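Open the model in your viewer with the cartoon shown, and keep a residue selection box at hand. The stops below each begin with something to select.

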Amino acid sequence: MLVVDPWHWLDANGDLPTDNLRLRRQMLRIARFIEYGGPLKKLECRETLMECRKRPCGKPCTGLMWVAKTERDEIQAFCRVCGNDEAAVHNWHETEWANGMMEAVPINFDGTDNDRDPAPPSSGPPQSSTAN
Ligand SMILES: [Zn+2]
């Protein structure tokens, strides 16, 4: 089982690493465990939509990962089909994903409030130019 302190993999701002893609993928999987498991109360668990990565007997496990909040407030990720104990995550409380999914926001990609790339300048309805 992998014991993870996400701050060993995140950058100083708590963002996903961008220079090491393997580490980024690994951290993204941990971030999903945090997003699913962070809002749980102690000794609660839930199923996720994340596939188990184990290959028992050479075949991919068809199980979905579960997350549980332990009595010590760690997030454990495990598969109930093959029994894979994949990870135990501690020190997750200050990460961006600790409170679950992001809040819903109105669709407004023209503004600067959304944490997305700015819309290309050509987007939006065509401007009428009858005033020539
Ligand atoms: Zn499994």
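**Start inside the sheet**

Select strand 4 first: four of its five residues are buried, so strand 4 is largely enclosed by the rest of the structure. Here a residue counts as buried if 20 or more other C-beta atoms lie within 10 Å of its own, as exposed if 12 or fewer do, and as partly exposed in between, with C-beta atoms placed from the backbone. Helices (H or I, at least four residues) and strands (E, at least two) are DSSP runs, numbered from the N terminus.

This is a predicted model, in which local features need pLDDT of at least 70 and side-chain atom pairs count only at pLDDT 80 or more, while totals for chains, interfaces and linings use all residues. Residues are numbered from 1 along each chain as its sequence is written.

**The neighbours of strand 4**

Add strand 3 to the selection; it runs antiparallel to strand 4, and five bridges join the two, where strands are said to pair if DSSP finds at least two bridges between them. Met 65 has Cys 79 in strand 4 as its bridge partner. The two strands form a hairpin with five residues between them, and in the turn Asp 73 has a positive phi of about 70°.

Now move to strand 5, which pairs with strand 4 in the antiparallel sense over four bridges. Phe 78 stands opposite Asp 85 in strand 5, and the bridge partner of Ile 75 in strand 5 is Val 89. This pair of strands also forms a hairpin with five residues between them, with Gly 83 in the turn showing a positive phi of about 80°.

**The whole sheet**

Select all the strands: five of them form an open sheet in the order 1-5-4-3-2, with mixed pairing. The edge strands, each pairing on one side only, are strand 1 (2–4) and strand 2 (45–51). From one strand to the next, the twist averages 20°.

At the strand 1 edge, look for the parallel pairing of strand 1 with strand 5, which extends over three bridges. Leu 2 stands opposite Ala 87 in strand 5, and Val 3 has Ala 88 in strand 5 as its bridge partner.

**The helix across the sheet**

With the sheet still displayed, select helix 1, which packs on the sheet and touches strand 1, strand 2, strand 3, strand 4 and strand 5, its direction making about 70° with that of strand 5. Contact means that the C-beta atoms of two residues, placed from the backbone, lie within 7 Å; axes are lines fitted to C-alpha atoms, for helices over the stretch in contact, and angles run from 0 to 180 degrees between N-to-C directions.

Which residues of helix 1 are buried? They are Met 27, Ile 30, Ala 31, Phe 33, Ile 34, Glu 35, Tyr 36 and Gly 37. The end C-alpha atoms of helix 1 are 24 Å apart, which agrees with the 24 Å that its 17 residues should span at 1.5 Å a residue, the expected span being 1.5 Å times one less than the number of residues.

**The nonpolar core**

Next, show side chains for Ile 30, Phe 33, Ile 34, Val 67, Ile 75, Ala 77 and Val 89, which have the most contacts inside the largest nonpolar core, a group of 19 residues. Such a core is a set of buried Ala, Val, Leu, Ile, Met, Phe, Trp, Tyr and Cys residues joined through C-beta atoms within 7 Å. Helix 1 (21–37), strand 3 (64–69), strand 4 (75–79) and strand 5 (85–89) each supply at least two residues of this core, and helix 1 gives the most, with six residues. Centre the view on Phe 33, which touches Val 67, Ile 75, Ala 77, Ala 87 and Val 89, not counting residues up to four places away in sequence.

**A last stop outside**

Finally, select Lys 41, in the loop between helix 1 and strand 2. Lys 41 is exposed, with 7 other C-beta atoms within 10 Å. Lys 41 and Glu 71 are 9.2 Å apart in space, C-alpha to C-alpha, and 30 residues apart in sequence.
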